[in-house]
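Visitor: Could you take me through one part of this model up close? I'd like the charged side chains that pair up, and then whatever surrounds them.

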Amino acid sequence: MTGINMRSLAVLMIAGGLALLAMLLLASLAEAQSDPNRFNRLMKPAAERNAPPPEDGIHDADSPGTHLLQTPREAFDALPDSKSGNYVQWNAAMDEGLIEPRNSLTMVSTPPIVLDLNIVREVKGSMPDVVYPHKQHTQWLDCSNCHPAIFIPQKGANQISMASILLGEKCGVCHGKVAFPVSECRRCHSRPKEQTAAN
Amino acid sequence: MKRWSGRLLTMFVIAGLVPAVVAWAEYADVTINTQSEAEGVAPVIFPHWFHRIRFQCSVCHVDLDIRMGAGTTGITMEKLIDGQYCGACHNGNIAWSIDNCDLCHSGRPGLETGVKGGHETMGPGLY
């Protein structure tokens, strides 16, 4: 009687151990698959990007309306990927004709007034200089969105710092909220400084 | 052994739940709760991504006079019914009509007004 009990106990222990191992393996696999940098809480795991509304933490999953809304993943499926923000290259999507955002409420969309003018801002630090393209901005925005409230339309009249941008001023009115975030340093700081004689 | 496996199992269950609790709003989702809950309806969630696929920024932020600051425009249902702001499209003509209350008023209770999904909302603190 005790022999059978011992044997069944041993079997139970082995089975329990195996189940535990399998669970460990599955857990580590799932961890590795979700994102290799899972430890970084600031980094959004790839599997959790563009979550459907009921799972995004701000929509009320109990509200029937939430389940009727389109999911970002479905909309972004055909659009070019980027590394941050909505994980969509919005300008490329527009240039490639994948999206055609209208510039008026009328059903007839008139071509926007695009200004092709680059403004180079020489920065004080060691980062490459900033090239601001009016073209990409005027494809989305009107002059009056930025001028004169956010930027005075005059050379040298605007003091811009990364600190003010991070606080949501100047470029930070959109970048970091709607447009690509400031973590994409080189999309703005894109013109290498000219090599001086000292170098 | 059994007790330990039970404890480990509990730990796994808890560890599995923690990431599930962390939620990630879509980048640039605007939540507006300036009056909603005080008036007895759920907070509003405005998805920028859905609208920028269809319209350029200037349509709302110039033509419709919607300000670039969450909750600063002073939008009320009366104004929308009059055809202002969201009501310029959400009239059953360009987009679905505003009698579909819970498509906009779909935020979870207690939601604060702001722009979600960006760098400011997920970190341990503001810059």
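**A salt-bridge network and its surroundings**

Guide: Let's start with Asp129(A), which makes a salt bridge to Lys193(A), with 3.0 Å between the closest N and O atoms. Asp129(A) sits in strand 2 of chain A and Lys193(A) in the segment after strand 3, so this pair ties together parts that are 64 residues apart in sequence. Keep in mind that this is a predicted model, and every distance here is computed from its coordinates.

Asp129(A) has another partner too. It forms a salt bridge with Arg191(A), and there the closest N and O atoms are 3.5 Å apart. Again the pair links distant parts of the chain: Asp129(A) belongs to strand 2 (residues 129-133) and Arg191(A) to strand 3 (residues 189-191) of chain A, with their positions 62 residues apart. Put the pairs together and you get a network of salt bridges that links Asp129(A), Arg191(A) and Lys193(A). As background, side chains of opposite charge can pair when their charged atoms come close. Over all chains, the count comes to two salt bridges.

How buried or exposed are the members of this network? Asp129(A) has a relative accessibility of 4%, so it counts as buried. Arg191(A) comes out at 31%, which means it is partly exposed. Lys193(A), at 33%, is also classed as partly exposed. So the network joins a buried acid to basic partners that are partly exposed.

Now for the chain that holds this network. Chain A has seven helices and three strands, and along the sequence they run α-α-α-β-β-α-α-α-α-β. Of its 199 residues, 31% are buried. If you take the contacts in chain A with a separation of 6 or more, 34% of them join residues 24 or more positions apart.

Another spot worth a look in chain A is His175(A). You'll find it in the loop between helix 6 (162-166) and helix 7 (185-188). With a relative accessible area of 14%, His175(A) falls under the 20% cut-off, so it counts as buried. A polar atom of the His175(A) side chain is 2.9 Å from the backbone oxygen of Phe180(A). Leaving out residues up to four places away in sequence, His175(A) touches His137(A), Phe180(A) and Val182(A). Phe180(A) thus turns up both in that contact list and in the 2.9 Å approach to the side chain.

Next, chain B. It comes to six helices and three strands, in the order α-β-β-α-α-α-α-β-α. Of the 127 residues in chain B, 31% are buried. Among its contacts with a separation of 6 or more, 54% are between residues 24 or more positions apart.

How do the chains meet? In the model, 53 residues of chain B are in contact with 61 residues of chain A. Together the chains bury about 4900 Å², and 65% of that is on carbon and sulfur atoms. Trp24(B), Tyr27(B) and Arg52(B) supply 18% of the area that chain B buries against chain A, more than any other three residues. Between chain B and chain A there are zero salt bridges, but 18 residue pairs are in polar contact. Several elements of chain B give two or more residues to the side that touches chain A, including helix 1 (2-21), strand 1 (29-32) and helix 2 (48-54). The residues on that side of chain B split into 31 nonpolar, 12 polar and 10 charged.

A word on confidence before you use any of this. The average pLDDT of chain B is 83, and 75% of its residues score at least 70. Over residues 14-21 of chain B, though, pLDDT is below 50, and that stretch has two contacts in the model beyond near neighbours in sequence. Residues 121-127 of chain B also stay under 50, with 12 contacts beyond four places in sequence. Where pLDDT is low, the predicted coordinates should not be read in detail.

Note on methods:
Residues are numbered from 1 along each chain as its sequence is written. Chains are lettered from A and ligands numbered from 1 in the order in which they are written. This is a predicted model: local features need pLDDT of at least 70, side-chain atom pairs count only at pLDDT 80 or more; totals for chains, interfaces and linings use all residues. Side-chain values use heavy atoms; hydrogens and water are left out. Helices (H or I, at least four residues) and strands (E, at least two) are DSSP runs, numbered from the N terminus. Buried means under 20% relative accessible area, exposed over 50%, partly exposed in between (1.4 Å probe, protein chains only). A polar contact is a pair of N or O atoms within 3.5 Å; within protein, one must be able to donate a hydrogen and the other to accept it, and residues adjacent in sequence count only if both atoms are side-chain atoms. Contact means heavy atoms within 4.5 Å. Buried area is the accessible area (1.4 Å probe) that two parts lose on being put together, summed over both. A salt bridge is a side-chain nitrogen of Lys or Arg within 4 Å of a carboxyl oxygen of Asp or Glu. Ala, Val, Leu, Ile, Met, Phe, Trp, Tyr, Cys and Pro count as nonpolar, Asp, Glu, Lys and Arg as charged, and the others, Gly among them, as polar. pLDDT is the predictor's confidence in each residue, from 0 to 100.
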